[in-house]
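Let's take a walk through this structure together, one piece at a time. Keep the picture open and follow along as you read.

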Amino acid sequence: MPKSVKICPKCRSAKVHLLTNVSGWLAPQKFICMECGHSGPFFIDVDLEDLKKE
Ligand SMILES: [Zn+2]
């Protein structure tokens, strides 16, 4: 079980999905927020315990 989750840097939602890149394996991973639609490679990793406290 993973102990950390990715959250959106804009709205801090944990509803983040990994975008699969079809253009090639050299591209960095990208994520998209299901809450506000923000997408990019820079999503924050937070500990699950920290997320519960907030
Ligand atoms: Zn968001």
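The chain holds one helix and five strands, where helices (H or I, at least four residues) and strands (E, at least two) are DSSP runs numbered from the N terminus. Reading along the sequence, you meet them in the pattern β-β-β-β-β-α. Before going further, keep in mind that this is a predicted model: local features need pLDDT of at least 70, side-chain atom pairs count only at pLDDT 80 or more, and totals for chains, interfaces and linings use all residues. Residues are numbered from 1 along each chain as its sequence is written.

Let's start with the sheet. Three strands form an open sheet in the order E2-E3-E4, with antiparallel pairing; two strands pair if DSSP finds at least two bridges between them. Strand E2 (16-19) and strand E4 (39-40) are at the edges, and each has a single partner strand, so one side of each is left without a neighbour in the sheet. How many bridges link E2 and strand E3? The two pair in the antiparallel sense over four bridges, with E3 covering residues 30-33. You can spot Val16 standing opposite Cys33 in E3.

Those two residues turn up again in the core. Ile7, Cys8, Val16, Cys33 and Phe43 make up the largest nonpolar core, which has five residues. A nonpolar core here is a set of buried Ala, Val, Leu, Ile, Met, Phe, Trp, Tyr and Cys residues joined through C-beta atoms within 7 Å. What does buried mean? A residue is buried if 20 or more other C-beta atoms lie within 10 Å of its own, exposed if 12 or fewer, and partly exposed in between, with C-beta atoms placed from the backbone. Buried residues make up 9% of the 54 residues in the chain.

Take Cys8 from that core. Cys8 sits in the loop between E1 and E2, and it counts as buried because 22 other C-beta atoms lie within 10 Å. Leaving aside neighbours within four places in sequence, Cys8 is in contact (C-beta atoms, placed from the backbone, within 7 Å) with several residues, among them Val16, Cys33 and Phe43. With the same kind of neighbours left aside, Phe43 is in contact with Lys6, Ile7, Cys8, Pro9, Val16 and Phe31.

The loop that holds Cys8 has another residue to look at. Arg12 lies in the loop between strand E1 (4-7) and E2, and Arg12 has a positive phi of about 60 degrees although it is not a glycine. Most residues other than glycine have a negative phi. Arg12 is partly exposed, because it has 14 C-beta neighbours inside 10 Å.

Now jump towards the other end of the chain. Asp45 belongs to strand E5 (residues 44-47). Is Asp45 buried or exposed? Asp45 is exposed, because it has 10 other C-beta atoms within 10 Å. Leaving aside its neighbours within four places in sequence, Asp45 is in contact with Ser4 and Lys6. Cys8 and Asp45 are 37 residues apart along the chain, with their C-alpha atoms separated by 9.1 Å.

Last comes helix H1 (residues 48-53), where you'll find Asp50. Asp50 is exposed, with 11 other C-beta atoms within 10 Å. Asp50 and Ser4 are 46 residues apart in sequence, but 9.1 Å apart in space, C-alpha to C-alpha. For the chain as a whole, residues 24 or more positions apart account for 45% of the contacts with a separation of 6 or more.

Conventions: Contact = placed C-beta atoms within 7 Å.
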